[in-house]
Amino acid sequence: MTKPTPNQIPSDRAFPAYIPMDDYIETDVLESLHSHVVEGINRVKSTNESGRFRNVLRMRQSEPLFPGSRTIHLTAKPGPQDYVSVLTDVDDYKLTKHARTFDRLTDFIYSLPFEAIGRAFIIWDDAGVGTPAHLDHTRAEWMPEFIWFRTSKDRRLYMCLDEDDKLFVESSAVWFDTSNQFHGVEGVEGLTFSVRVDGRFDPLLRRAIAADFPYMHDRFADDGGRPTIPGPRGT
Ligand SMILES: [Fe+2]
């Protein structure tokens, strides 16, 4: 595969495009979950049941396709597993057996401002590699509704301003544009993890985001559903 390039950025957009979400969630509850999630990861790790994160649309092809990050899915759905279906078949998801291991985290996820929860998974890393800069997909106009969050700032998410200039996100929870800007997680010593929850935002949240971040007004003004124009490729 040739090196992916971000789509042409329309001039009316502000980049880096990300939205701190701490004001929309209970950050004290989130922080209290840290050791609960660490214990759960260690339990799943011992059974070797984690998936492997595939870094398909990476900025530098010299980086590995499998950087070492592992995944634990708390929800899963039957049927098509292509990227668009995985993010938009929100109503088809059911809890996996891992949701019981992470019961407090799962309760927290279901308290988030979503109308419906779809894919929810933990991505963890103890290999120190992190997730090298990449795009999630290449559909420029499609803005999936999700919240990325962490219980510890040791998990260092960044947006790429250009190839060697990283902007580290400061908030505990964030939404960001995953198709028009490269982003990644810095590799650090020891176990780190983050959680990504996809779904349909609560209409009130969608309106709050549109009011606070005019850039997103046209993106989150409707139901945030399936993209109408398929992109050239995606993961
Ligand atoms: Fe990503």
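# Close-up views of a predicted model

Let's start with how the chain folds back on itself: of its contacts with a separation of 6 or more, 79% are between residues 24 or more positions apart. Keep in mind while looking around that this is a predicted model.

**View 1. The whole chain, with six helices and 14 strands.** The chain has 235 residues, and 40% of them count as buried. As for confidence, the mean pLDDT is 84, and 84% of the residues reach 70 or more. Residues 6-11 are a weak spot, with pLDDT below 50; this stretch has 10 contacts in the model beyond near neighbours in sequence. Another weak spot is residues 229-235, where pLDDT stays under 50 and the model has 16 contacts beyond four places in sequence.

**View 2. Helix α2, residues 34-47.** This helix has 14 residues and spans 21 Å from its first C-alpha to its last, close to the 20 Å expected at 1.5 Å a residue. Which residues of α2 are buried? They are V37, G40 and I41. These residues lie on the same side of α2 because they cover an arc of only 100° around the axis. An α-helix has 3.6 residues a turn, so residues three or four places apart point the same way. Turn to the other side of α2 and you meet S35, E39, N42 and S46, which are exposed.

**View 3. What α2 leans on, and what comes after it.** The buried residues of α2 pack against several elements. Two of these are helices, α4 (98-101) and α5 (103-109), and the strands are β4 (70-73), β7 (114-125) and β14 (192-201). Once α2 is over, the chain goes on to N48, whose phi is positive, near 60°.

**View 4. An open sheet of seven strands.** Reading across, the order is β1-β12-β9-β14-β7-β4-β2, and the pairing is antiparallel. Where do β1 (18-20) and β2 (51-52) stand? They are at the edges, each with a single partner strand, so one side of each has no neighbour in the sheet. Strands of a sheet pair through backbone hydrogen bonds, either parallel or antiparallel. Zoom in on the β1 edge: β1 pairs with β12 (residues 173-176) over three bridges, in the antiparallel sense. There, P20 has V174 in β12 as its bridge partner.

**View 5. The largest nonpolar core, with 48 residues.** The residues with the most contacts inside this core are I109, I122, I147, V174 and V197. Strand β7 gives the largest share of the core, seven residues. In soluble globular proteins, nonpolar side chains tend to be buried together. Take I109 as a way in: leaving aside residues up to four places away in sequence, I109 touches L74, I117, A120 and V197.

**View 6. A120, a residue of strand β7.** Why does A120 count as buried? Because A120 has 29 C-beta neighbours inside 10 Å, and 20 or more are enough to be called buried. Not counting residues up to four places away in sequence, A120 touches L74, T75, I109 and V197. Look for W148 too: A120 and W148 are 28 residues apart in sequence, while their C-alpha atoms are 9.8 Å apart in space.

**View 7. Strand β8, residues 131-135.** This strand is mostly covered, with four of its five residues buried. β3 (residues 57-58) is joined to β8 by two bridges, and the two run antiparallel. In that pairing, L57 stands opposite L135. β8 also has two bridges to β13 (residues 183-185), again running antiparallel. Here H134 has H183 in β13 as its bridge partner.

**View 8. From β13 across to β10 and β11.** Three bridges join β13 to β10 (residues 157-162), which run antiparallel. You can find L157 standing opposite V185 in β13. β10 also pairs with β11 (residues 165-168), over four bridges and in the antiparallel sense. How many residues does the hairpin use to join β10 to β11? The hairpin goes through two residues. One bridge pair to look for is D162 with its partner D165 in β11.

Technical notes: Residues numbered from 1 in each chain as written. Predicted model: local features only at pLDDT ≥ 70, side-chain atom pairs only at ≥ 80, totals over all residues. Expected span 1.5 Å × (residues − 1). Buried ≥ 20, exposed ≤ 12 C-beta atoms within 10 Å, placed from the backbone. Arc of directions from axis to C-beta. Contact = placed C-beta atoms within 7 Å. Pairing = 2+ DSSP bridges. pLDDT = per-residue confidence, 0-100. Core = buried A, V, L, I, M, F, W, Y, C linked by C-beta atoms within 7 Å.
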